[in-house]
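Reader: I'm new to reading protein models. Could you walk me through this one, a bit at a time?

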Amino acid sequence: MCDTCGCDGTDGIRVARVGGHAGRHAHHDDHDHGHSHGDEDARPGRTILVEQDILAKNRDQADANRTFFHHQGVLALNLLSSPGSGKTTLLEHTIRRLKGELALAVIEGDQQTLRDAERISATGVDVVQVNTGAGCHLDAAMIHRALHQMELPQGGVLFIENVGNLVCPAMFDLGEAHKVVIISVTEGEDKPLKYPYMFREADICVITKTDLLPHLDFDLTACRRFALEVNPRLTLFEVSAKSGAGLDPWCDWVRQAGRGHEQR
Ligand SMILES: Nc1nc2c(ncn2[C@@H]2O[C@H](COP(=O)(O)OP(=O)(O)O)[C@@H](O)[C@H]2O)c(=O)[nH]1
Ligand SMILES: [Mg+2]
């Protein structure tokens, strides 16, 4: 078990390219994603040290990823949320709007299945699925491995859909330029207060499924206030992938961030 978040990092990590170029579909059973394992790590009093080791190792790999992205002119966005908040749906709509203008690619993180990668593949962009097995977050080494399986969107945007979880993924830098936290209106407006680490680590917050607001007691004003109380630097977007409301400002931000990154 991983002492940082309790996930079992030794079990069943797979990296698979979906769609596109046949023959490059790959499975990796080797294991190197920044976790420290072993009986000695479970001794009382060692938890803090082990956690520091894990996070320090992850930070080194994240810095290497970030340098690589910088040299390739790639804007990497790490999408974080609880399961079902609409990450993949938002990506499908964003990609359909932007793929004629910007080079795009996606790394999908889930414990099991290729389902999200297959949805993204249907939009026509390059996608790699990372299955974390029992693990509850992506880490920088998994991203490094996934990068070996894909065509990098040079001068464009790499979206990384993290494993659905509002807790552990906040601790793991992947080398991204921005963390984008997503919260749907069905989750309750108090989530920024209950999961402050995630909202503090992010600099973008997207509130999704706003078409459902008439059917819910969700207090949008309070949600905005809570999010900004936790992190005044947050830039907020409100979208409905279903109706299309709010997708223009969100896509404008992605477009500008992607192009700005290319010029740096
Ligand atoms: N009403 C509504 N449903 C949505 C919207 N976006 C996503 N969903 C639904 O929410 C569910 C989970 O979406 P998905 O994109 O798979 O979430 P993920 O687990 O965060 O990737 C699916 O049934 C979607 O159809 C939206 O804007 N409005
Ligand atoms: Mg998804």
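Author: Sure, starting with one term: two residues are in contact if their C-beta atoms, placed from the backbone, lie within 7 Å. This is a predicted model, where local features need pLDDT of at least 70, side-chain atom pairs count only at pLDDT 80 or more, and totals for chains, interfaces and linings use all residues. Residues are numbered from 1 along each chain as its sequence is written, while chains are lettered from A and ligands numbered from 1 in the order in which they are written.

Reader: Leaving aside neighbours within four places in sequence, which residues is threonine 210 in contact with?

Author: Threonine 210 sits in the loop between β7 and α7; helices (H or I, at least four residues) and strands (E, at least two) are DSSP runs, numbered from the N terminus. Skipping neighbours within four places in sequence, threonine 210 touches Val185, Glu238, Val239, Ser240, Ala245 and Gly246.

Reader: Why does threonine 210 count as partly exposed?

Author: A residue is buried if 20 or more other C-beta atoms lie within 10 Å of its own, exposed if 12 or fewer, and partly exposed in between, with C-beta atoms placed from the backbone. Threonine 210 counts as partly exposed because its number of other C-beta atoms within 10 Å is 19.

Reader: Lysine 209 lies in the loop between β7 and α7 too. Is lysine 209 buried or exposed?

Author: Lysine 209 has a positive phi of about 65° although it is not a glycine. Most residues other than glycine have a negative phi. With 25 other C-beta atoms within 10 Å, lysine 209 is buried.

Reader: What about threonine 113, with its positive phi of about 75°: is it buried or exposed?

Author: Threonine 113 is in the loop between β3 (104–110) and α3 (115–121). Because it has 11 C-beta neighbours inside 10 Å, threonine 113 counts as exposed.

Reader: Which residues come nearest to ligand 1?

Author: A residue is near a molecule or strand if its C-beta atom, placed from the backbone, lies within 6 Å of it. Helix α2 gives the most to the shell around ligand 1, with three residues. Of the 16 residues around ligand 1, the nearest are Gly86, Lys87, Thr88, Thr89 and Lys242.

Reader: How many residues does α2 have?

Author: Helix α2 covers residues 87–98, and threonine 89 is in it. From first C-alpha to last, α2 reaches 16 Å, close to the 16 Å expected at 1.5 Å a residue; the expected span is 1.5 Å times one less than the number of residues. The number of residues in α2 is twelve.

Reader: Which helix gives the most to the largest nonpolar core?

Author: A nonpolar core is a set of buried Ala, Val, Leu, Ile, Met, Phe, Trp, Tyr and Cys residues joined through C-beta atoms within 7 Å. The largest one has 65 residues, and Ile143 is one of those with the most contacts inside it. With six residues, the helix that gives the most to this core is α4 (residues 140–147).

Reader: What pLDDT does the chain average?

Author: pLDDT is the predictor's confidence in each residue, from 0 to 100. In this chain, 84% of the residues score at least 70, but over residues 22–42 the pLDDT is below 50. The chain's average pLDDT is 88.
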